[in-house]
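Subject: Structure for your review

Dear colleague,

Please find below the structure that I would like to hand over to you. My notes on it follow.

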Amino acid sequence: MAVRDLSSGDALMKILTVAAVFAAALAAAKDVYAETGLDALFEREQSTLSAVPTGRLNNFFNFTRPAKKVKPTEVQFTKAWLDTIPKAKGDENFACLAEALYFEARGESVKGQFAVAEVILNRVKSSQFPNSLCGVINQGTGRKYQCQFTYTCDGHEEVIREKTAYERVSKVARLVMDGARTGLTDGATYYHTTAVRPRWSKAFTKTARIGVHLFYRDDRYRTALNN
């Protein structure tokens, strides 16, 4: 069966007919709303919702605002600046990093704490080490003094007694996990305090000294630096 082409006049008539039906439907709906008082009801509901704080609505509907990324240029290496940042929280890897910073660097300056955190993240990126924060931090744990981070295998119980110090290093952990990059250690994946001089330090490239820590890069593995 052949299909008849619509003339421009037929097409226009159909468009006008559809528009008229749509307009009539809207008018009828408005009359119904007016008769039943729905207009007033909707206005009251809208007014009530507008009065509810946005945060409470977000919590009710389980909406979360993404954490604000901190640019490297915005990082300030002071306790006063850290104290302006909301209390940090996170998952298992966050807990591992915060604990490591507490036991490894809580006595350091804020800059030194960021540097230690940077080394740990560099290890995660390197093919030489495990690919998670907890994996890196707990590598070798269980063999006394054979672990990568002494506090995890020195035989002493890890007890966090300095709450303020822990809150601050937790914020450092959260910041570096959220993308704050400071470029303090030039790709270092090792460090030690100035109180010791391990044999491996002679084989690596020293990249920085921050506070009582010296930082080193193993140039056989440049993944951490290149990424």
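Which kind of contact do the side chains of Arg 217 and Asp 219 meet in? The two side chains form a salt bridge, with 2.6 Å from N to O. Here a salt bridge is a side-chain nitrogen of Lys or Arg within 4 Å of a carboxyl oxygen of Asp or Glu.

Before the remaining findings, a note on the basis of the values. This is a predicted model, in which local features need pLDDT of at least 70 and side-chain atom pairs count only at pLDDT 80 or more, while totals for chains, interfaces and linings use all residues. Residues are numbered from 1 along each chain as its sequence is written, and side-chain values use heavy atoms, with hydrogens and water left out.

Overall architecture

The chain has nine helices and three strands, where helices (H or I, at least four residues) and strands (E, at least two) are DSSP runs numbered from the N terminus. Along the sequence, the elements follow the pattern α-α-α-α-α-α-α-α-β-β-β-α. Of the 227 residues in the chain, 31% are buried; buried means under 20% relative accessible area, exposed over 50%, and partly exposed in between, with a 1.4 Å probe and protein chains only.

Helix 6 is largely enclosed by the rest of the structure, because 13 of its 16 residues are buried. Its end C-alpha atoms are 23 Å apart, which agrees with the 22 Å that its 16 residues should span at 1.5 Å a residue. That expected span is 1.5 Å times one less than the number of residues in the helix.

Salt bridges

The structure holds six salt bridges. Side chains of opposite charge can pair when their charged atoms come close. Asp 186 forms a salt bridge with Arg 217, the closest N and O atoms being 3.1 Å apart. Asp 186 lies in the loop between helix 8 and strand 1 (190-193) and Arg 217 in strand 3 (residues 213-217), so this pair ties together parts that are 31 residues apart in sequence. Asp 186, Arg 217 and Asp 219 are thus linked in a network of salt bridges. Within this network, Arg 217 is buried at 10% relative accessibility, whereas Asp 186 is partly exposed at 42% and Asp 219 is partly exposed at 35%.

Another salt bridge joins Asp 83 and Arg 168, with 2.9 Å between the closest N and O atoms. Asp 83 is in the loop between helix 4 (79-82) and helix 5, and Arg 168 is in helix 8 (residues 163-177), so the pair ties together parts that are 85 residues apart in sequence. Asp 83 is partly exposed, at 43% relative accessibility.

Exposed glycines in loops

Gly 107 lies in the loop between helix 5 (92-105) and helix 6 (110-125) and counts as exposed, at 80% relative accessibility. Its C-alpha atom is separated by 9.5 Å from that of Val 212, 105 residues apart along the chain. Gly 183 is found in the loop between helix 8 and strand 1 and is exposed at 64% relative accessibility. The C-alpha atoms of Gly 183 and Ala 115 are 8.3 Å apart, with their positions 68 residues apart along the chain.

Yours sincerely
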